Amino acid sequence: MNLFLIRQSFITLLLLLSGFASASQSAPAIAMPATSFTVEVSGKGKPIIFIPGLASSGEVWKTTVTQFSNRYECHVITLAGFAGVAPITTPLLATVQKELVEYIDAKRMDRPIIVGHSLGGFLALRIAADTPAKVGRLVIVDSLPALGAVQMPDITPEQLKSMAARMRDTMKSQDTATFAEGQRRSIASMVTKPEDVERVLGWGRKSDAATVMNAMHDLIGTDMRADIARIKSPTLVLGTWIAYKEYTTRAAVETTFKTQYQKLDGVTIEIADTARHFIMYDDPKWMVERMEKFLK
């Protein structure tokens with residue numbers, strides 16, 4: 001196994017990904033004081049909050065929400081600066097974390113389920129670690145607590161921050177053509193169907209570049225492997241590996257997930273064999289079946 005290539009491939013996919021279109025649910029956005037995200041709500045029942053990934057819109061959860069809105073109240077968010085939502089001047093991830101907890105309180109939610117993809121999964125872990133009493137079950141879709149540490153598990157916090165800064169500088173230095181070509185290659189590795197690739201590429205043009213780069217910097221530069229020990233929520237982690245099969249094996253990727261989540265008591269980890277990073281597009285049936293079983 002070549003962990004360097006695995007890590008570089010995964011991080012490059014995330015670095016070059018930028019955005020989704022506006023959310024697809026028919027309900028209007030809720031009027032609320034939060035500045036760092038918009039929300040659309042459908043269904044009735046126990047609340048589920050769906051957080052999309054880097055530069056993504058809530059539309060990514062469309063198919064998933066249709067499977068759950070008959071029994072759950074689904075709150076689908078889109079973060080500021082992503083997918084055409086106006087950016088904010090304060091640090092995005094910290095502001096979302098604060099305002100999402102305030103949103104939970106304002107809506108009087110009793111330990112809502114949180115489902116997060118990629119960057120959204122990282123945010124879900126952070127919220128559950130820092131405010132464990134606020135959060136119910138967690139579903140983490142293809143996300144790790146320390147993405148930047150995959151290559152070097154013993155990397156120091158200072159080294160992580162330095163690596164994240166170099167990646168942000170690299171992104172800033174790319175010309176438009178180079179960035180666009182890299183983006184297309186990366187997205188084609190993240191999702192299988194050509195129509196989904198085109199959809200993601202279209203969404204990417206609507207995101208604020210500075211917001212994407214700064215959020216990616218914060219994600220790569222943060223290590224939550226110790227922090228997740230504070231999480232009290234039952235947690236399901238859904239991972240993928242086939243995008244990296246030229247470099248590694250299923251067993252090796254599963255070991256990486258288990259190692260990074262070893263301090264999260266009672267975590268359940270499942271690895272998809274038919275889906276790339278966007279499991280909700282590549283194999284929605286597999287994902288929904290595991291979520292249904294976990295949420296019973």
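**Aromatic pairs, nonpolar cores and helices in the predicted model**

A search of the whole structure finds 4 aromatic pairs. One of them joins Phe278 and Tyr281. The ring centres of Phe278 and Tyr281 lie 6.0 Å apart, and the planes meet at 15 degrees. Planes under 30 degrees apart count as stacked, so the pair of Phe278 and Tyr281 is stacked. Phe278 and Tyr281 are both buried. The structure described here is a predicted model.

Two arginines sit over aromatic faces. The charged end of Arg199 lies over the ring of Tyr281, at 5.5 Å from the ring centre. Tyr281 therefore has Arg199 over its ring and is also stacked with Phe278. Arg137 lies over the face of Phe294, 4.9 Å from the ring centre. Phe294 belongs to helix α11, where it is buried.

The chain as a whole has 296 residues, of which 56% count as buried. Its fold contains 11 helices and 7 strands. Among contacts with a separation of 6 or more, 80% are made by residues 24 or more positions apart. The exposed area of the chain is about 12,400 Å². Carbon and sulfur atoms supply 52% of that area.

The largest nonpolar core holds 59 residues. Within this core, Phe82, Leu138 and Tyr261 touch the most other members. Helix α4 (residues 119–130) gives the largest share of the core, with 8 residues. A second core is separate and has 34 residues. Phe50, Trp203, Leu238 and Trp286 are included in this second core.

Leu138 was examined in more detail. This residue is found in strand β5, which covers residues 138–141. The relative accessibility of Leu138 is 0%, so Leu138 counts as buried. Residues up to four places away in sequence are not counted in its contacts. Beyond them, Leu138 touches Ile114, Ala124, Leu125 and Ala128, among others. Its partners also include Ile231, Ser233, Pro234, Thr235 and Leu236. Phe294 is another contact of Leu138, and Arg137 lies over the face of the Phe294 ring. Leu138 and Leu236 are 98 residues apart along the chain. Their C-alpha atoms are separated by 6.2 Å.

Two helices were checked for length. Helix α8 (residues 209–220) has 12 residues. At 1.5 Å a residue, α8 should span 16 Å. The end C-alpha atoms of α8 are 16 Å apart, so the two values agree. The buried residues of α8 include Thr211, Val212, Met213 and Ala215. Met216, His217, Leu219 and Ile220 of α8 are buried too.

Helix α11 (residues 284–295) also has 12 residues. The span expected for α11, at 1.5 Å a residue, is 16 Å. Its end C-alpha atoms lie 16 Å apart, which agrees. In α11, Trp286, Met287 and Val288 are buried, as are Met291, Phe294 and Leu295. Trp286 is included in the second core. An α-helix has 3.6 residues a turn, so residues three or four places apart point the same way.

Ala252 lies in helix α9 (residues 250–260). With a relative accessible area of 14%, Ala252 is buried. The cut-off for buried is under 20%. Ala252 and Trp241 are 11 residues apart along the chain. The C-alpha atoms of Ala252 and Trp241 are separated by 9.1 Å.

Conventions. Residues are numbered from 1 along each chain as its sequence is written. This is a predicted model: local features need pLDDT of at least 70, side-chain atom pairs count only at pLDDT 80 or more; totals for chains, interfaces and linings use all residues. Side-chain values use heavy atoms; hydrogens and water are left out. A nonpolar core is a set of buried Ala, Val, Leu, Ile, Met, Phe, Trp, Tyr and Cys residues joined through side-chain atoms within 4.5 Å. Buried means under 20% relative accessible area, exposed over 50%, partly exposed in between (1.4 Å probe, protein chains only). Helices (H or I, at least four residues) and strands (E, at least two) are DSSP runs, numbered from the N terminus. Contact means heavy atoms within 4.5 Å. Accessible areas come from the Shrake-Rupley method with a 1.4 Å probe; for residues, only the protein chains shown count as cover. The expected span of a helix is 1.5 Å times one less than its number of residues. Rings of Phe, Tyr and Trp (its six-membered ring) pair if their centres lie within 6.5 Å; planes under 30 degrees apart count as stacked, over 60 as edge-to-face and the rest as tilted. A charge sits over a ring if NZ of Lys or CZ of Arg is within 6 Å of the ring centre and within 35 degrees of the ring normal.
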